[in-house]
Every structure is written in structure tokens, then in C-alpha cells.
2 protein chains.
Amino acid sequence: MQQNYPIFLASKSPRRREILSIMGLTFTVVSSDADEVTSETEPEKLVEELSLRKALGTRVTDPEAMVIGSDTVVSYAGRILGKPKDEEEAFSMLKMLSGNVSSVYTGVTLFFPYKDKPPVTFHTRTEVVFDTLTDAEILSYIKTGEPMDKAGAYGIQGTFGKHIIEIRGDYYNVMGLPMHDLYKKLKEENIIFI
Amino acid sequence: MQQNYPIFLASKSPRRREILSIMGLTFTVVSSDADEVTSETEPEKLVEELSLRKALGTRVTDPEAMVIGSDTVVSYAGRILGKPKDEEEAFSMLKMLSGNVSSVYTGVTLFFPYKDKPPVTFHTRTEVVFDTLTDAEILSYIKTGEPMDKAGAYGIQGTFGKHIIEIRGDYYNVMGLPMHDLYKKLKEENIIFI
């Protein structure tokens, strides 16, 4: 696989870095000063909007740059769950998701700061079926510290996997980046080639 | 999480070891001299039978032992795919799965060599939706060497993930052990408790 652009990832998430590495991409992590406050209530629009803002909020000087911005939320029963503020909120998020089917949405934007090429934004949805968790199981998971930096207060790629009966969609989307849709878009936009 | 039994894993697969570790289990890897030749043609029966044979084929001396045996195959259009014999077979397996929906079956047996307790055997199925792969993409993947020790000639947890549109079921089952069903069974059989 070869790249036509130097890729910049506007994300602090170690999981997104891991996914790009697994895909075989070479990239540089950059920070973004995007405002993440929004009044948007539809999860697919919200993640697309924030992914665009994160990509636009970077300061990359490379004239050839292609910047990836992304945002992930969990949606259940009309509510949007981001990262929990504290352990109590983590508990109530996990209690709410327990025994239910929720959706993970990740929005992704490919942005070309110095090119005559409009940004490309898309989102991917994955359904996640939770087993019923006991309070002891929720508390034991919160003790690991894993919930605190994750949308919906869980990470599918760790010990929490044992509570997930089934997913329907792209596994990596639940981790934070839809590997398949991103790969397809990068090919379509001639950013990578085999 | 605590364990009522010392757990022994009858598998050479580094992925199965990783899954048990992620689950938070303490275990010892043991070899098995099970005969893996079978005339069974139904994937669910085949993986259950081989998981039982692998568990029975170990020589564990701990009187408290609980042994986990398991076997994974890919099933598509009435054919059962194990590990490819060579790169040509890997190519033809991936070419066959390309653009299609196939199933991964993993059989698991919990065996208690010195207890008055019959073995527990079950299987889990996950559907996997492949994108259409070009020959160049298949060859590029074969070059990584990843297909050779994996049923169906691919590993979902690596770079091949970019070719998978969607899974329906337990992701870890595709990796080699159904984390959720295994956790549930270990609780039901009082092997672990929270």
C-alpha cells in the first residue's frame, strides 16, 4: 500500500492511532483546538459535524497534507452518550446499556488544508448487543479505570468484550474508527493505492 | 474475578491466549496430541468434536484442573475451510470468500480430567461480510504471511480488517474463542465468580 498524501491524525485517542497503524498507514498525530460544544441532537449529524471541526481545528503547515478528524458517540433510546464525567456517570451509562441494543456512531472527515479539494465527511454505525450486567460486574469494570476516556463508558477491545453478546457492523468503528469505510474512502479519493 | 479451578488451555494459538488474558483469567498452556482427522461435514458438529478431542488429548496431572479445548473453522457454501496448506490454497480461499458472507464456527469444551463432572461442549457462530477484494489486495495480504496459521486464510484482528464490511456476532469468536459465551459458561459452571 502506498500513500499519495502525508496523513495527519487529529485525535488524542491511542485506539485511533492503533487502527491507522494496523491498516498499514504512515501518519503524524496533531492536536486540534476545535470547539466540541454542539446543539446537534442527531448522532449521525453530531459525529460528522465534530469530525469536520476537529479536522479544521488543526494547524498543519505541510502543503500536501491530508488531515483525518473523527468523533465517536454511543446512542441509545434517543440519548447521546459521550465520555463519562465521573464514575457515577459511568455507572449510570453502563446500567442503561445493560441488556439493551445500542448504536455506536463514528464520524470521519478527510480535510485537505492547502488543496483545491473539498473535505469529505461520512459516518458509520455499528449496533452493539449488551448482555445484562450485575451491579458487581459494572463496579468491577469501573475499578479498572477503562470507562473514563471512552464514549458510552466502555471499550469493546478490552475485558469488557465478555459482556457483549454480539455486534452488527464494523468492530473497529466501536473502537473509534471505521476501518473498512475509511480504507474504501482513502482508495476512492486516491489518497492510497495498492 | 476469581477462579475456583486452575485453568489449562489446550491450544497453540497466540490469539486464544490473548483472549483468555484479556478476560482476566489465569491459565497454563498445555499441548494436546489429539487426532484432528474427522469425517464430520457439519461445521458446528466438527468444531465441537475437535474441541472435545483436544481437551481429552492433554496430559494434565493437577487433580483440580479444568481444561479448555477449542477448534475454529470457516464455513462457506457447504465447504469447511481450515488453515491453508500453502499460499495457493490461501489465495483460492480468499478469492472464494471475497464479496460473500461466510460463517466462523468455534467449538469449545470445558473438561475436568479428575472430577466427577461431565465435559461441557458448545459452539458459537459469527457471520462475516467480506468486501470484494482485487487479486492485488489478496496477494498483498498473502505477502504479510498472516494467512498461513489461520482458518479461512485471514485474521480479523490485523490488517485484513479493512476488507471486512461487517460482522454479526462475537468478534472474538472470529479470532478463535467466543469471549462472551465462554465467560457465561464459566460463570454457569462455577469455574469463575465476580
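**Figure 1. Chain A, element by element.** Helices here are DSSP runs of H or I with at least four residues, and strands are E runs of at least two. Counted that way, chain A of this predicted model has six helices and nine strands. Lay the chain along its principal axes and the C-alpha atoms take up a box of roughly 55 × 35 × 25 Å.

**Figure 2. How chain A packs.** For 194 residues, a compact globule should come out with a radius of gyration near 16 Å, and the 17 Å of chain A agrees with that. Buried residues make up 53% of the chain. Take the contacts in chain A between residues at least 6 apart in sequence: 69% of them link residues at least 24 apart.

**Figure 3. The surface and charges of chain A.** About 8400 Å² of chain A is accessible, and carbon and sulfur atoms account for 48% of that surface. The chain carries 22 positive and 28 negative charges, and the mean positions of the two sets sit 2 Å apart.

**Figure 4. A close look at A:A77.** This residue sits in the loop between β4 (66-76) and β5 (79-81) of chain A. Its phi is positive, near 50°, and A:A77 is not a glycine. Buried or exposed, then, is A:A77? With a relative accessible area of 65%, A:A77 is exposed, since the cut-off for exposed is over 50%.

**Figure 5. A close look at B:A153.** Over in chain B, B:A153 lies in the loop between α4 (135-143) and β8 (164-169). B:A153 is no glycine either, yet has a positive phi of about 70°. Its relative accessibility is 0%, so B:A153 counts as buried, the limit being under 20%.

Definitions and conventions: Residues numbered from 1 in each chain as written. Chains lettered and ligands numbered in written order. Predicted model: local features only at pLDDT ≥ 70, side-chain atom pairs only at ≥ 80, totals over all residues. Heavy atoms only, no water. Rg over C-alpha atoms; globule rule 2.2 N^0.38 Å. Buried < 20%, exposed > 50% of the residue type's maximum accessible area, 1.4 Å probe, protein only. Contact = heavy atoms within 4.5 Å. Areas by Shrake-Rupley, 256 points an atom, 1.4 Å probe, with all protein chains shown as cover. Lys, Arg positive; Asp, Glu negative; His and termini not counted. Charge placed at Lys NZ, Arg CZ, Asp CG, Glu CD.
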